Amino acid sequence: MPTVGVKRDLLFKALGRSYTDEEFDELCFEFGLELDEITSEKEIISREQGDTKASGASDVILYKIDVPANRYDLLCLEGLVRGLQVFKNKCNRYQCDLPVDPMFAALHSPQTEAVRPHAVAAVLRNITFTQERYDSFIELQEKLHQNICRKRSLVAIGTHDLDTISGPFTYTAKRPGDISFKPLNQTKEYTATQLMSLYKTDSHLRHYLHIIEDKPLYPVIYDSNGVVLSMPPIINGDHSKISLKTKNVFIECTATDQTKAKTVLDMMVTMFSEYCAQPFTVEEAEVVYPDGKTCIYPELAYRKEKLSGKFINQKVGINESTEKIAHLLTRMCLLSQATGAGDEIEVEIPPTRSDIIHACDIMEDAAIAYGFNNITRTTPRTYTVANQFPLNKLTELLRQDLAAAGFTEALNFALCSQEDIAEKLGKKISEMRAVHISNPKTAEFQVARTTLLPGLLKTIAANRKMPLPLKLFEISDVVLKDETKDVGARNSRRFCAVYYNKSPGFEVIHGLLDRTMQLLEVKPARGEGYHIQTADDSTFFPGRCADIFVRGKNVGRLGVLHPDVINRFELTMPCSALEMDIEPFL
Amino acid sequence: MADTGVLETLLQRVEKVDDGVDSLAVATSLGVDHQVIVGAVKSLQALGDVISAELRSSKHWELTEEGTEIAEQGSHESRVFSCIPQEGLAQSELMKLPFGKIGFSKAMSSKWIRVDKAHEGGPRIFRTVESIDDQVREKLLLVQKGHSTQLEEKEKNELKKRKLLSEVTVKSYWITKGNSFSTTITKQETELTPEMIASGNWKEKKFKPYNFEAMGVAPDCGHLHPLMKVRTQFRQIFLEMGFTEMPTNNFIESSFWNFDSLFQPQQHPARDQHDTFFLSDPAHAHEFPQDYLERVKKVHSEGGYGSQGYKYDWKIEEAQKNILRTHTTAVSARMLYKLAQQKFTPVKYFSIDRVFRNETLDATHLAEFHQIEGVVADYGLTLGDLMGVLHQFFTKLGITKLRFKPAYNPYTEPSMEVFSYHEGLKKWVEVGNSGVFRPEMLLPMGLPEDVSVIAWGLSLERPTMIKYGINNIRELVGHKVNLQMVYDSPICRSGPPTQTE
């Protein structure tokens, strides 16, 4: 969930009234926002870098507000104010204006196809920045980059002082060695190759290098005089950088996902056209595609949906008139009216609400405007008979009786290191039918366990201070590769127990097996019953290991652990163990 | 036990009087040390209500060692007086005597003697009176005989100052007959034996009382894990509410069932390497219900079922990627798909099982945790129904004050975070998440259009940590568990407080 920081007093000024912290918190809750923290720049710096650095920092009160991940229109002060104001019955409308000079077109060249195929653009004409507006403008780009743009991989935004450059612009892709310009906030020119190594150590930009690093051609935007506007998604040129004095802003978005590029552009211009000489008005730009096709951006598309009052009432569980529902929706930035045809409501979805993709999204907004907590809580009449999952039912019953048999239940992780399930048990990882994780952050998450034994031994190692004997068990799932399953792997429900004491206590573990079989109604006998029979297993002490056969099928193994295994798990006492599959007993 | 002879003698003394005896007096009259009688009292008390003994303390005056000497031999000054002959005594000679120095000054101040400093051969002492009255000795003798009350306080304090008297506190018992008074002693039995039961002679025996202040012996037993105890409780609640358990024993899931089928777009951050564990072996899933997969692809990339879709290039390669499931909702998706392949009947499903997140770990977050999930599918379910079911569910946990906050989740719309009022913290805290599954998820599965599916979820670990007062999740889950905590943890009944931070 993205967090937006806004100055409280600025927010209240824009909302036209002030709130107590509690009132504002309540307003946020109802709207689906969360007032996460009330702080100040000073407090943040002092928390992160110490009091000395914080002295002199601003102590203007900041509200940190958590915004739902799909509401890109609430990622800046301007959008938040509009959203909350509408919630309080106010509204405005966005429109496009024809270009002042039709020359401001972006030409799109075919070389970009392999690296970053989409580009859209627009102009904010006669804008007035103040320090706060300018900061918010920069901050919104950053928020969009981090969220909908997926860290610039899907979309990258470039903003330029239009008065320093001249159209038409060309969006193309070139070999890194052939691109050379002075990047933002640098004093000299670099080639793209040099830039990539320069930014390797940049705490901010290094996260974006991978997006184009291994591509043969890098995307780049030139103006008609060959000035580099930007090398998306890495850096803008210094030449066209915007400042507080900038009057006309050229906004370009390059992307691998065109839908998202259009959304991002709409978001930038709808949020900041408020500060243009003609508020909420944006100047169009024409994009000419390699095939000669042209498109005009921004789209600022208003979409109309029709739905019935009954639909809203039934889905939410309320009973409101068509007019009331239309009014509720209008409060949520969705200008709506009853068409008069039965209970039909026509809803207009503004370009800011890219999150509205289905009638159910409109229904949710009606519910929010109505107030979730004003909806009557009802009990569905759904009649059903409960059933337990048979494997879980067996597990629950066995656990009770194993604890009654004097063993204590452990609960270990399903993920572990390769070493845990192989080397430490005297086995080879290649012989295990283990599933392997491709992106573990540490060795603890290399594989899914194929046996419960390592977990129990590690539990003992972590509890060596406890009085002996230690008697532990676990009934849980391991994961094994299985070609017959759609995902190529399956869980297997295992029962594992260990006895750790000054003497190995094989008879104790053997006795637990007998008791378990008694609980499962299997008699000691060859053939239809159960029996154990000598086995060789490198985990166990030679001659002290046996396979468990139930109705002729091998279901597990028990024995005295090999001293090497005991050592590798940092244990010091003899230990006997039992592990078996319980699924055959279903 | 004290000597039976002393016990019986003491009992006989007590029998003879009506109002009781003092232990000190008994000791004096028997000519034994007081401690012997005290021991006898304790022994008799241990036999039950034979006697009752009330502890009393009294103060009395006693002669010091020096006082005792004076009582025998007279005061220092009187001894000085009596050792001076008629012809006097050289002062140097007198000072050699042990009592000489103190006795001389006291006798001088009483004007019993005089010093002739000019006498030839050095200063010499002479008597000045014929006879003396040694009051100090007489006073001390009075005290020694137990008549200290005849002396005035002032006199006693003066003698105390001279370290001849001291005031001591004496503790004694005032012994009276108990309810089961008897002059004979019976030996006490420690435990009931099979022989006593057989012969019936337990009826005549006296039994040594138990010390109920002591702790019992800890039973030798096994224990269930606290997290599993809470899991059992949640399972019970779902079963009581008529929910059927889903088969969640498949930790490995394809991205298709975990994300795509839930209408979670392929560029969604949750599908990032930073959030999800992907598999290298087996890396890909195969075998999807092909026509369903096509419908999922279409609703993502083009929309349909009344939806705009996400309008992006949906790739089968992304859907095939195997992962460790990030939520049990993947199983709910499989179950709902299965349900849609039959003639629809309403269902209520639940599951409690492990899910995996490749997230940054801290004191309350692990890479794997247990998700509790409830799902209801029926015709015409409303948002009000979801809130009603949640109210019933949380009421069973002992949480009755709920409110709901709009939230965002890719596969539910509306989505609501569930908050409960925490009485201790005096604030609203989040206890779970809920929502109505999106039509883009349900309709491609083939569920009827008028069927709604409501669902909610929460973690098992958080309510358990609160219930058992555990701050570090590693003490609860995994091999670093504190087994003593497991041994000591109480049962989990309905109503674990799910709330708090």
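**Close-ups of a predicted two-chain model**

**View 1. The covered side of helix H2 in chain A.** In helix H2 (residues 21-31) of chain A, the buried residues are A:Phe24, A:Leu27, A:Cys28, A:Phe29 and A:Phe31. Keep in mind that this is a predicted model, here and in every view below. An α-helix has 3.6 residues a turn, so residues three or four places apart point the same way. Just after H2(A) comes A:Gly32, and its phi is positive, near 90°.

**View 2. A lysine tucked into helix H6 of chain A.** Look for A:Lys143 in helix H6 (residues 131-146) of chain A. Is A:Lys143 buried or exposed? With a relative accessibility of 17%, A:Lys143 counts as buried, because the cut-off for buried is under 20%. Its side chain reaches over to A:Thr3, where it meets the backbone oxygen at 2.7 Å. Setting aside neighbours within four places in sequence, A:Lys143 is in contact with A:Thr3, A:Val4 and A:Leu75.

**View 3. Two aromatic pairs, one from each chain.** Over all chains, a search of the whole structure turns up 34 aromatic pairs. One of them joins A:Phe129 and A:Tyr134, which sit edge-to-face, with 5.6 Å from centre to centre and 90° between the planes. A:Phe129 is buried at 8% relative accessibility, and A:Tyr134 is buried too, at 17%. Over in chain B, the rings of B:Tyr421 and B:Trp428 have centres 5.3 Å apart. Why does this pair count as edge-to-face? The planes of B:Tyr421 and B:Trp428 meet at 65°, and anything over 60 degrees gets that label. B:Tyr421 is buried, at 18% relative accessible area, whereas B:Trp428 is partly exposed, at 27%.

**View 4. An aromatic cluster in chain B.** Seven names to find here: B:Phe234, B:Phe238, B:Phe243, B:Phe350, B:Phe393, B:Phe394 and B:Trp456 form one aromatic cluster.

**View 5. Charges sitting over rings.** In chain A, the charged end of A:Lys293 sits over the ring of A:Tyr289, at 5.2 Å from the ring centre. Chain B has an arginine in this role: the charged end of B:Arg127 lies over the ring of B:Phe81, 4.3 Å from its centre. Hold on to B:Phe81, as this residue comes back in the next view.

**View 6. Helix H5 of chain B under cover.** How many of the 8 residues in helix H5 (residues 76-83) of chain B are buried? The count is 6, so this helix is mostly covered. The buried ones are B:His76, B:Glu77, B:Ser78, B:Arg79, B:Val80 and B:Phe81. Several elements of chain B help to cover them, including helix H4 (65-73), helix H7 (100-109), strand S5 (124-127) and helix H8 (135-144).

**View 7. Where chain A meets chain B.** Here 95 residues of chain A are in contact with 107 residues of chain B. Together the two chains bury about 8,400 Å², with 55% of that on carbon and sulfur atoms. Between chain A and chain B there are 8 salt bridges. One to zoom in on pairs B:Arg438 with A:Asp361, whose closest N and O atoms are 2.7 Å apart. Polar contacts across this interface link 57 residue pairs, both partners being at pLDDT 80 or more. Which element gives the largest share of the side of chain A that touches chain B? That is strand S24 (residues 470-481) of chain A, with 8 residues.

Key:
Residues numbered from 1 in each chain as written. Chains lettered and ligands numbered in written order. Predicted model: local features only at pLDDT ≥ 70, side-chain atom pairs only at ≥ 80, totals over all residues. Heavy atoms only, no water. Phe/Tyr/Trp six-rings, centres within 6.5 Å; stacked < 30°, edge-to-face > 60°. Buried < 20%, exposed > 50% of the residue type's maximum accessible area, 1.4 Å probe, protein only. Lys NZ or Arg CZ within 6 Å of the ring centre and 35° of its normal. Contact = heavy atoms within 4.5 Å. Buried area = accessible area lost by both parts, 1.4 Å probe. Salt bridge = Lys/Arg side-chain N within 4 Å of Asp/Glu carboxyl O. Polar contact = N/O pair within 3.5 Å; in protein donor to acceptor, adjacent residues only side chain to side chain. Helix = DSSP H or I, 4+ residues; strand = E, 2+ residues; numbered from the N terminus.
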